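I set out to keep a short record of what I looked up in one protein model. The entries follow the order in which I took up each topic.

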Amino acid sequence: MSKKTTTDQNKKMTIDEYIDKYSLPKRQKEYKALLALFVSAIGVIIGVMLFFFVEKLFQMNEYVGYAGIVLSVVLFVLLYIVPIVKISKTNFFMTDVNKENARAAKRYNRRMREDIADKMIDMKQATKDNGWFSDEKITEIAIARAKDDDKALSTALTNIYNTDIKDAAHKLITDSAVQVGISTSISQSEKIDTLIVTVAELNLVKKIVYLYGYRPNDAQMLKIYKTVFSNAIFAYGVQASAGAVAGGIAKLIGSAAEAIPLISTVIGSVSSGIINSTLTVMIGFQTIRYLKREYKLQEILDGIEIEESEEAEAKMISNVKNSVVKTTKNKAA
């Protein structure tokens, strides 16, 4: 390796380089407004699907319908309100910074890492059978916290994210996708499919965020909720589309006319299940990608030696000026 290459690798990124490369201009107010819009749209989809469910119950029996209203309200709270609130209340790392708030962001991110570590330790102690974290990884985190060693803690967290948490996240995605695939394969209803996909994806995002201990920023959450909304709309049309395609296939391969409807139904159900499970896998990995990106950015920011900002320089000049004027006036008096 050449001397120049070694020098380049050892050279630390400056705050100006970080801002130019990673801290892009963002319209926070617009993001929050759009975020609220898509969150509301997801709620409308779930509410409408539950309405159709209650409507069918009323067709069966009036009292069953009233019971369905109560059940739907409970389900709406548990499957929509609770995940949205839990995700929104979870903190995210400060990685979109400028020269003025970079130092504060580094301090905030350090407290975030400490809080995440404490929650992992508490979770492991409270649930002995928790298969997410190994004793070895949690011990490393606990030792770093006991010594108040931020560098060791950062290394331990990076280690557990790349091993235990990665494996646990993949299992969450697999389990959720399989459940969605099986459920939508046997539902035979566009409305039920839409409800299953929307609720499953929303709760998968909540579980992954809970597992990692932090959430993506507002801009990234907007993209996630937009994908959940798009998948819900797509899932509504999957059942009918898959059925139509399966009907054509069945006519090509079926030898007996009476067997075609059954073949069409089976192929259509399996197809919709596979498609919906694929959508669930994609939303899970989208969430993980955003989380990994934010953790990597806060690591990069943490390693930057931030120079005194122009604002601090201007403030010091003003303070010195005021001191000189005040002292001169006092002596003149």
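The entries below begin with the whole chain and then turn to single helices, residues and pairs.

**Entry 1. The whole protein**

I note at the outset that this is a predicted model. I looked up the secondary structure and found 12 helices and zero strands. Read along the sequence, the pattern is accordingly α-α-α-α-α-α-α-α-α-α-α-α.

I then turned to burial and surface. Of the 333 residues in the protein, 38% are buried. The accessible surface comes to about 19300 Å², and carbon and sulfur atoms account for 61% of that area.

I also looked up how contacts are spread over the sequence. Among contacts between residues at least 6 apart in sequence, 77% join residues at least 24 apart.

**Entry 2. Helix α6**

I took helix α6, residues 135-146, for a check of length. At 1.5 Å a residue, its 12 residues should span 16 Å, and the end C-alpha atoms are 16 Å apart, which agrees.

Which residues of α6 are buried? I found K137, I138, I141 and A144. Seen down the axis of α6, the buried residues fall within an arc of 125 degrees, so they line one face of the helix. On the other side of α6, I recorded D135, E136 and A146 as exposed.

I next asked what covers the buried residues of α6. The cover includes α5 (102-126), α7 (150-162) and α8 (164-187).

**Entry 3. A144**

I followed one of the buried residues of α6 further. A144 lies in helix α6, and its relative accessible area is 4%; because the cut-off for buried is under 20%, A144 counts as buried. Not counting residues up to four places away in sequence, A144 touches D149, A152 and L153. I also recorded the separation of A144 and A156: they are 12 residues apart in sequence, and their C-alpha atoms are 7.8 Å apart in space.

**Entry 4. D148**

I looked at what comes after α6. The helix is followed by D148, which is found in the loop between α6 and α7. Phi of D148 is near 55 degrees, a positive value in a residue other than glycine.

**Entry 5. Salt bridges**

I searched the whole structure for salt bridges and obtained 12. Side chains of opposite charge can pair when their charged atoms come close. I examined three pairs in detail.

The pair of R113 and D150 forms a salt bridge in which the closest N and O atoms are 3.0 Å apart. R113 lies in helix α5 and D150 in helix α7, so the pair ties together parts that are 37 residues apart in sequence. Both ends are buried: R113 has a relative accessible area of 1%, and D150 has a relative accessibility of 14%.

The pair of K171 and D175 has its closest N and O atoms 2.9 Å apart. K171 and D175 are four residues apart in helix α8, so about one helical turn separates them. K171 is exposed, at 53% relative accessibility, whereas D175 is partly exposed, at 32%.

In the salt bridge of D218 with R215, the closest N and O atoms are 3.1 Å apart. D218 is buried at 5% relative accessibility, and R215 is buried with a relative accessible area of 8%.

I also looked for salt bridges that share partners. Such bridges join R110, R113, E114, D148, D150 and D302 into one network. The network thus takes in the R113 and D150 pair described above, as well as D148 of the loop between α6 and α7.

**Entry 6. E201**

I closed with a charged residue that stands outside this pairing. E201 lies in helix α9, residues 190-212. Is E201 buried or exposed, and how far away is the nearest side chain of opposite charge? E201 is buried yet has no salt bridge, and the nearest side chain of opposite charge, R289, is 12 Å away. A salt bridge requires the nitrogen and the carboxyl oxygen to be within 4 Å, a cut-off that the 12 Å to R289 does not meet.

I then looked up what surrounds E201. Leaving aside neighbours within four places in sequence, E201 is in contact with V228, N231, L279, T280 and I283.

Key. Residues numbered from 1 in each chain as written. Predicted model: local features only at pLDDT ≥ 70, side-chain atom pairs only at ≥ 80, totals over all residues. Heavy atoms only, no water. Helix = DSSP H or I, 4+ residues; strand = E, 2+ residues; numbered from the N terminus. Expected span 1.5 Å × (residues − 1). Buried < 20%, exposed > 50% of the residue type's maximum accessible area, 1.4 Å probe, protein only. Arc of directions from axis to C-beta. Contact = heavy atoms within 4.5 Å. Lys, Arg positive; Asp, Glu negative; His and termini not counted. Areas by Shrake-Rupley, 256 points an atom, 1.4 Å probe, with all protein chains shown as cover.
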